[in-house]
Amino acid sequence: MGAAQNAAAVLEPSGTLADAICTRVRSEILSGIRRPEMRIRLEDLKAEFNVSWSPLREALSRLVSEGLIQNEEGRGYRVAAVSRAQMSDIIRMRKAMESMALRMAIVNGDDIWEAEVLAAHHRLTKVEGGRDWSARVEQWEVRHRAYHDALNRGCGSPILLEFCAQLHDQFARYRKLFLASNLPDKLVPIEHKKLTDAALARDADKACPIIETHIERNGRNILAAIRE
């Protein structure tokens with residue numbers, strides 16, 4: 001199978017080459033394959049996907065807008081650097097956006113929302129805690145993202161959901177770097193359980209402080225490990 005066929009294989013029916021490139025590069029950044037400040041060679045991506053410059057630049061422009069890569073005028077693209085200042089901003093904005101989304105979801109979410117939150121939390125608990133964390137970290141990341149997406153989804157605001165998704169991705173990039181040399185926080189599963197219980201009890205005044213504390217505390221753990 002050639003490079004063009006490889007690119008086409010990852011596309012949804014309504015997708016585009018720009019979608020495929022954006023998805024692949026985003027995944028590689030979030031997983032740590034593409035490290036902070038690593039140069040992104042356009043020629044390599046062009047050859048890999050066998051595409052013209054147009055979809056390539058469109059994909060990279062999206063990733064610039066998401067804050068995952070940087071456009072160095074006249075010098076190409078690099079994976080975005082990490083910094084304490086940026087992480088502090090991500091923590092602050094994620095707390096605000098996810099707390100807002102959760103409060104709206106608790107008010108507006110229906111029985112389907114409740115079932116999705118419960119199911120997502122159950123799947124997450126299957127990979128939380130225990131031994132051999134390194135073998136489960138990738139699966140945990142996927143299920144953790146699905147859990148927070150399920151909590152937020154009931155808010156009913158596509159724009160707010162997009163903001164939450166971008167902030168979660170940026171937070172996850174820092175967390176991935178942190179977990180490469182640190183064990184997961186043992187309080188995280190406990191917080192997820194409390195958050196799920198409060199959300200399903202439709203207690204926004206209890207649930208929102210829990211998610212804010214959850215994001216803040218884990219963010220501060222990551223901040224403490226960043227050296228500048």
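Visitor: What follows α3, and what is the sign of its phi?

Guide: N50 follows α3, and its phi is positive, near 55°. Bear in mind that this is a predicted model.

Visitor: Stay with α3. Which of its residues are buried?

Guide: Start with the general idea. An α-helix has 3.6 residues a turn, so residues three or four places apart point the same way. Now the case here. Helix α3 spans residues 42–49, and its buried residues are L42, L45 and F49. Viewed down the axis of α3, these buried residues fall within an arc of 65°, so they line one face of the helix.

Visitor: And on the other side of α3, which residues are exposed?

Guide: E43 and A47 are exposed there.

Visitor: Now a helix pair. How do α5 and α10 pack?

Guide: Two numbers describe packed helices: the angle between their axes and the distance between the axes. Here, helix α5 (residues 84–108) packs with helix α10 (residues 204–225) at an angle of about 165°. Their axes are 9 Å apart. Angles over 145 degrees count as roughly antiparallel, and α5 and α10 are therefore roughly antiparallel to each other.

Visitor: Is the crossing of α5 and α10 left-handed or right-handed?

Guide: Right-handed.

Visitor: Where in the protein chain is confidence lowest, and where highest?

Guide: Take the whole chain to begin with. Its mean pLDDT is 87, and 91% of the residues reach 70 or more. Confidence is lowest in helix α1, residues 3–9, at a mean of 41. The highest is in helix α6, residues 111–125, at 97. Over residues 1–15 the pLDDT is below 50. Beyond near neighbours in sequence, that stretch has 15 contacts in the model.

Notes
Residues numbered from 1 in each chain as written. Predicted model: local features only at pLDDT ≥ 70, side-chain atom pairs only at ≥ 80, totals over all residues. Heavy atoms only, no water. Buried < 20%, exposed > 50% of the residue type's maximum accessible area, 1.4 Å probe, protein only. Helix = DSSP H or I, 4+ residues; strand = E, 2+ residues; numbered from the N terminus. Arc of directions from axis to C-beta. pLDDT = per-residue confidence, 0-100. Contact = heavy atoms within 4.5 Å. Axes fitted to C-alpha atoms, helices over the stretch in contact; angles between N-to-C directions. Parallel < 35°, antiparallel > 145°, perpendicular 65-115°, else oblique. Left-handed = near helix turned anticlockwise from the far one by under 90°.
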